[in-house]
Amino acid sequence: KEDAAPAPAAGEGMDAAAAFLAAQGIDPSGEGGGAKKDNKKKKKKKKGGGGGGDDKPAADSKVSARGKMVAERLRLQREEEERIKAEEEAEAKRIAEIEAAEEAERIRKEEEKERKKQKQREKIEKQKREGTYMTKAQKQKAALAQQRLEAMRAAGMEVPMIDKKKVVYGK
């Protein structure tokens, strides 16, 4: 009897289930509607059967309940694998979009930083052309001199005003 096949163990997986389905006459790939692969019995004709009877219900009725259960289990397993694969692909796509957005933001920040540096360089060049550029040390020295001058004026001393000379770089 065909039902005497042992139940597939958990470790044997799809191969044992597929072998069981093949023994039951069901296509293990799930396609073909459960018809048998060996159709030699269809060639025999019944006497007096007459009216063009359909062979598919007879083929389905030969499949045991256990075979149908295994086929259903395989179908559900395939559907679950397809669902998981679709979720993984969606997650990978989402991660790729996030990474692309982060990369675009990083590039935008780098370009903004470079624009600021260029603007500062242009400002310094303009000050040098006008003769008003001073380094940090020169600015501190000028601030100290201004403080001394204010202190002298506050003490009542008369300090004459001196015209500042323009410093021209690069000539």
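A helix here is a DSSP run of H or I with at least four residues, numbered from the N terminus. The model is predicted.

**Exercise 1. Place Lys62 in the fold and classify its exposure.**

Step 1: find the element. Lys62 belongs to helix α2, which covers residues 56-62.

Step 2: take the relative accessible area. For Lys62 the value is 45%.

Step 3: apply the cut-offs. Buried means under 20% and exposed means over 50%. Lys62 is therefore partly exposed, because its 45% lies in between.

Step 4: look across the sequence. Lys62 and Gly25 are 37 residues apart along the chain. Their C-alpha atoms are separated by 8.4 Å.

**Exercise 2. Outline the secondary structure of the protein chain.**

Step 1: count the elements. There are four helices and zero strands.

Step 2: read their order. From the N terminus, the pattern is α-α-α-α.

Step 3: check the span of one helix. Helix α4 holds 19 residues, 136-154. From first C-alpha to last, α4 reaches 27 Å. That is close to the 27 Å expected at 1.5 Å a residue.

Step 4: inspect what follows. Just after α4, Gly156 adopts a positive phi of about 100°.

**Exercise 3. Identify the largest nonpolar core and the elements that supply it.**

Step 1: list the members. The core has seven residues: Ala17, Phe20, Leu21, Ile26, Val63, Val70 and Leu74.

Step 2: assign them to elements. Two or more residues come from each of α1 (13-24) and α3 (65-130).

Step 3: find the main contributor. Helix α1 gives the largest share, three residues.

Step 4: follow one member. Leaving aside neighbours within four places in sequence, Val63 contacts Gln24, Ile26 and Lys68. One of these partners, Ile26, is also a core residue.

**Exercise 4. Describe burial, surface and contact range for the whole chain.**

Step 1: take burial. Of 171 residues, 10% count as buried.

Step 2: take the surface. The accessible area of the chain is about 14900 Å². Carbon and sulfur atoms account for 55% of that area.

Step 3: take contact range. Consider contacts with a separation of 6 or more. Residues 24 or more positions apart make up 57% of them.

**Exercise 5. Survey the aromatic rings: how many aromatic pairs are there, and which residue lies over the face of Tyr133?**

Step 1: search for pairs. The whole structure has zero aromatic pairs.

Step 2: look for a charge over the ring. Lys128 lies over the face of Tyr133. The distance from the ring centre is 5.2 Å.

Key: Residues are numbered from 1 along each chain as its sequence is written. This is a predicted model: local features need pLDDT of at least 70, side-chain atom pairs count only at pLDDT 80 or more; totals for chains, interfaces and linings use all residues. Side-chain values use heavy atoms; hydrogens and water are left out. A nonpolar core is a set of buried Ala, Val, Leu, Ile, Met, Phe, Trp, Tyr and Cys residues joined through side-chain atoms within 4.5 Å. Buried means under 20% relative accessible area, exposed over 50%, partly exposed in between (1.4 Å probe, protein chains only). Contact means heavy atoms within 4.5 Å. The expected span of a helix is 1.5 Å times one less than its number of residues. Rings of Phe, Tyr and Trp (its six-membered ring) pair if their centres lie within 6.5 Å; planes under 30 degrees apart count as stacked, over 60 as edge-to-face and the rest as tilted. A charge sits over a ring if NZ of Lys or CZ of Arg is within 6 Å of the ring centre and within 35 degrees of the ring normal. Accessible areas come from the Shrake-Rupley method with a 1.4 Å probe; for residues, only the protein chains shown count as cover.
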